[in-house]
Amino acid sequence: MAESGVNPTAAALLGLLHDGPMTGGQLMAAAERRLAPYWSMTRSQVYRELPVLAEKGLVRLGKPGPRMSQPYALTAAGKRTFSRWLAENPGKDTIRNPIALRIAFGDLHSSSQLKNLYATANEYHTEALAAVREQVKNAKKEGDSYDASALEFAVAYHKAALSWLKTAPVG
C-alpha cells in the first residue's frame, strides 16, 4: 500500500466522489462512463472498498434511499488522502491483455480458433476505438482537457492493438 494508505481503486472512488455524494451503483456508473476506456473496476471492487473507506473516515454514509441504496460522501480526510495519493509515484503499469495471452500459446490453437480470436479482437478494438473517440470529442467540447487527455491514451491503445493484430501470426 502506498503512503496515502489507499489502493488505486479506492483512490479512483475518492476522486469520483469529488463530484458529490453517490451510491455504489452511481459510482460504478461514473467509473464506467469516465474511467473504463483506460481503467477497469468491477462492481465487487467498488462494494468491497466503500466500507473500508467509511471505516477509515475517508467517506461518510448518507441516509439510505430506495432499495436500501446508501450514498457516500467524501470527507475532508478523504480529500486529503486523495491529494496525497495524487502526489505519489504511480508505479509501473500493469498490462493484462487476454488476446496477447492467448496468442502466446498460438501454436496450441487451431487455425480456425486463431482466425476467430483475431476477428473478435478486431471487432472489439474497432468498436471501442470509435466509442472512445466520441468520448474525447465530448470531453473537448465540454472543455475538460484532462479527461480528454486520459481518453487519448485509450485511443492510442486501441489503435496500437489494431495495428498489432494485423501482424499477429495466423498459424
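## Helix pairings, a pocket and a buried first helix

E134 is partly exposed, its relative accessible area coming to 38%. Its salt-bridge partner is K137, and the closest N and O atoms of the two are 3.8 Å apart. K137 also counts as partly exposed, in this case at 48% relative accessibility. Both residues sit in helix α6, three residues apart, or about one turn of the helix. These values, like the others below, come from a predicted model.

Stepping back, the chain holds seven helices and two strands. Starting at the N terminus, the elements follow the order α-α-α-β-β-α-α-α-α. The C-alpha atoms fill a box of roughly 55 × 40 × 40 Å when it is taken along the principal axes. There are 171 residues in the chain, and 35% of them count as buried. Contacts between residues at least 6 apart in sequence were looked at too, and 55% of them join residues at least 24 apart.

How many salt bridges does a search of the whole structure find? It turns up three, and the E134 and K137 pair within α6 is one of them. Some general background helps here: side chains of opposite charge can pair when their charged atoms come close.

Another of the bridges joins E152 to K140, with 3.4 Å between the closest N and O atoms. Here E152 belongs to helix α7 and K140 to helix α6, so the pair ties together parts that lie 12 residues apart in sequence. E152 is partly exposed, at a relative accessible area of 32%. K140, at 54%, counts as exposed, because the cut-off for that class is over 50%.

A further bridge brings together the side chains of R34 and D19, at 3.0 Å from N to O. This pair links distant parts of the chain: R34 is in helix α2, while D19 is in the loop between α1 (8-16) and α2, and 15 residues separate them. R34 counts as partly exposed at 30% relative accessibility. D19, on the other hand, is exposed, with a relative accessible area of 58%.

The loop between α1 and α2 also holds T23. Is T23 buried or exposed? It is buried, because its relative accessible area is 15% and the limit for being buried is under 20%. Setting aside neighbours within four places in sequence, T23 makes contact with S69, Q70 and P71.

Next comes α1 itself. Eight of its nine residues are buried, so this helix is largely enclosed by the rest of the structure. The buried residues are T9, A10, A11, A12, L13, L14, G15 and L16. What do they pack against? Their surroundings are made up of α2, α3 (43-55), β1 (59-61), β2 (72-74) and α4 (76-87), so to speak a mix of helices and strands.

Helix α4, one of the elements packed against by the buried part of α1, includes A77. Not counting residues up to four places away in sequence, A77 touches G57 and L58. The C-alpha atoms of A77 and G57 are separated by 6.7 Å, although the two residues are 20 residues apart along the chain.

Now for the open space. In general, rolling a probe the size of a water molecule over the atoms shows where empty space is left. The second largest pocket contains about 190 Å³ of space. Which residues line it? The lining is formed by R33, R34, Q135, N138, A139, E142, D144, D147 and L151. Among these is R34, the residue that pairs with D19 in a salt bridge. By class, five of the lining residues are charged, two are polar and two are nonpolar. At least two lining residues come from each of α2 (24-34), α6 (111-141) and α7 (145-167). The largest share, three residues, is supplied by α6.

Finally, a word on annotation. An unreviewed UniProt entry carries the annotation "domain: Transcription regulator PadR C-terminal" for residues 95-168. In the model, residues 95-168 are 82% helix and 0% strand. The C-alpha atoms at the two ends of this stretch are 18 Å apart.

How values were computed. Residues are numbered from 1 along each chain as its sequence is written. This is a predicted model: local features need pLDDT of at least 70, side-chain atom pairs count only at pLDDT 80 or more; totals for chains, interfaces and linings use all residues. Side-chain values use heavy atoms; hydrogens and water are left out. On a 1 Å grid over the protein atoms alone, a cavity is a set of points where a 1.4 Å probe fits but cannot get out, and a pocket is an open set with protein on both sides within 12 Å along at least five of seven lines; lining residues have an atom within 4 Å of a point. Grid points are joined across faces, edges and corners, and a volume is the space filled by probe spheres set on the points. Helices (H or I, at least four residues) and strands (E, at least two) are DSSP runs, numbered from the N terminus. Ala, Val, Leu, Ile, Met, Phe, Trp, Tyr, Cys and Pro count as nonpolar, Asp, Glu, Lys and Arg as charged, and the others, Gly among them, as polar. UniProt positions are given in the numbering used here, feature names are shortened, and annotations may be inferred rather than shown by experiment. A salt bridge is a side-chain nitrogen of Lys or Arg within 4 Å of a carboxyl oxygen of Asp or Glu. Buried means under 20% relative accessible area, exposed over 50%, partly exposed in between (1.4 Å probe, protein chains only). Contact means heavy atoms within 4.5 Å.
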